[in-house]
Amino acid sequence: MLGLAAPFLNKLRFTDNQLSIFEAWEDRSSYRCGKIFRVLNPTEMLCSIGIKNGQKNVLLLGNSHADSVKVPFAEALNKKNLSTYFYVKNNPLQSEETNAEFISNNVSQFDIETVVVHYSKSFYLKEENRRQLAHFIDLMRNQSVDILFISPVPTYEYHVPKLLYQKTIDPRTKIRRQSIQEYLDLNDEFFTMIRKLDISSRNIFYPHEHLCVDDDCLLSIFGNPVYFDNSHLTISGANILSPIFNKIASEAVKVRINQ
């Protein structure tokens with residue numbers, strides 16, 4: 001009986017706002033390709049998220065930040081009958097096992113026509129990562145594969161849900177949100193690399209244009225945290241980027257038509 005009553009008692013103990021904040025820990029998808037896929041396919045490096053055998057294959061390439069947006073991303077592509085491929089491991093382009101040449105071979109093997117790159121800010125701070133990415137871009141250009149970029153999302157030095165909860169307990173708690181200028185400054189390595197590689201503006205999509213309103217970046221939406229820690233988007237947060245994912249899906253279809 002006590003077990004059955006626990007959810008009811010929790011609701012009495014916490015406000016609706018606090019319960020919404022707690023849900024941030026569950027407001028995310030299974031890690032990478034999921035446990036079942038890894039158990040059933042122990043040697044596979046790539047999995048499909050959403051529909052299989054769509055009219056075109058798209059690779060979402062990135063670390064844990066790509067992982068946090070993969071479900072809404074794939075849902076947008078599903079609507080255009082596009083298949084989303086994703087790496088089982090969290091370190092593409094960051095290890096010898098998943099270097100630029102290896103991923104390039106996978107792109108050919110899986111008949112991928114568009115690659116969408118989305119990494120965290122920390123990825124671009126390492127010279128070797130930037131070198132691998134630049135090499136990969138050259139390989140994609142040689143294969144006539146379209147490559148698109150989603151710039152890093154705003155990140156924080158504090159755990160967002162915990163601080164939001166703390167503020168419900170103590171309204172005097174100060175929460176400093178990131179400004180657009182701070183975001184641009186903190187991600188200078190990414191924007192500098194993009195300029196050096198001469199990436200077309202049509203190939204770059206900016207999360208801060210959707211996550212930052214009136215110069216301050218969002219921490220919650222309708223009471224739901226945008227992050228489940230200090231930097232990874234919840235599904236609620238990733239859904240804010242749906243306009244970006246829809247545009248990418250439209251671009252991917254255009255590439256198919258033009259070819």
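**Exercise 1.** In this predicted model, determine the handedness of the link of Cys-212 and Cys-217 from the angle about the S-S bond, and then establish whether each of the two cysteines is buried or exposed.

*Solution.* Begin with the torsion: the link of Cys-212 and Cys-217 has 80° about the S-S bond and is right-handed. Next, check the bond itself, for which the sulfur atoms must lie within 2.5 Å; those of Cys-212 and Cys-217 are 2.1 Å apart, and the two residues form a disulfide. Finally, turn to accessibility, where buried means under 20% relative accessible area. Cys-212 has a relative accessibility of 8% and therefore counts as buried, and Cys-217, at 1%, is likewise buried.

**Exercise 2.** Work out which residue is joined to Cys-33 by a disulfide, and describe where in the chain the two partners are found.

*Solution.* The partner of Cys-33 is Cys-47, with an S to S distance of 2.0 Å. This pair links distant parts of the chain, since Cys-33 sits in the loop between helix H2 (16-22) and helix H3 (35-40), whereas Cys-47 belongs to strand S1 (residues 46-49), 14 residues apart. About the S-S bond the angle is -80°, and the link of Cys-33 and Cys-47 is left-handed. With the cut-off of 20% for buried residues, Cys-33 is buried at a relative accessible area of 13%, and Cys-47 is buried at 3%.

**Exercise 3.** State how many disulfides the structure holds and which pattern they follow along the protein chain.

*Solution.* The structure holds two disulfides. When the bonded cysteines are counted along the chain, the pattern is 1-2, 3-4.

Definitions and conventions:
Residues numbered from 1 in each chain as written. Predicted model: local features only at pLDDT ≥ 70, side-chain atom pairs only at ≥ 80, totals over all residues. Heavy atoms only, no water. Helix = DSSP H or I, 4+ residues; strand = E, 2+ residues; numbered from the N terminus. Buried < 20%, exposed > 50% of the residue type's maximum accessible area, 1.4 Å probe, protein only.
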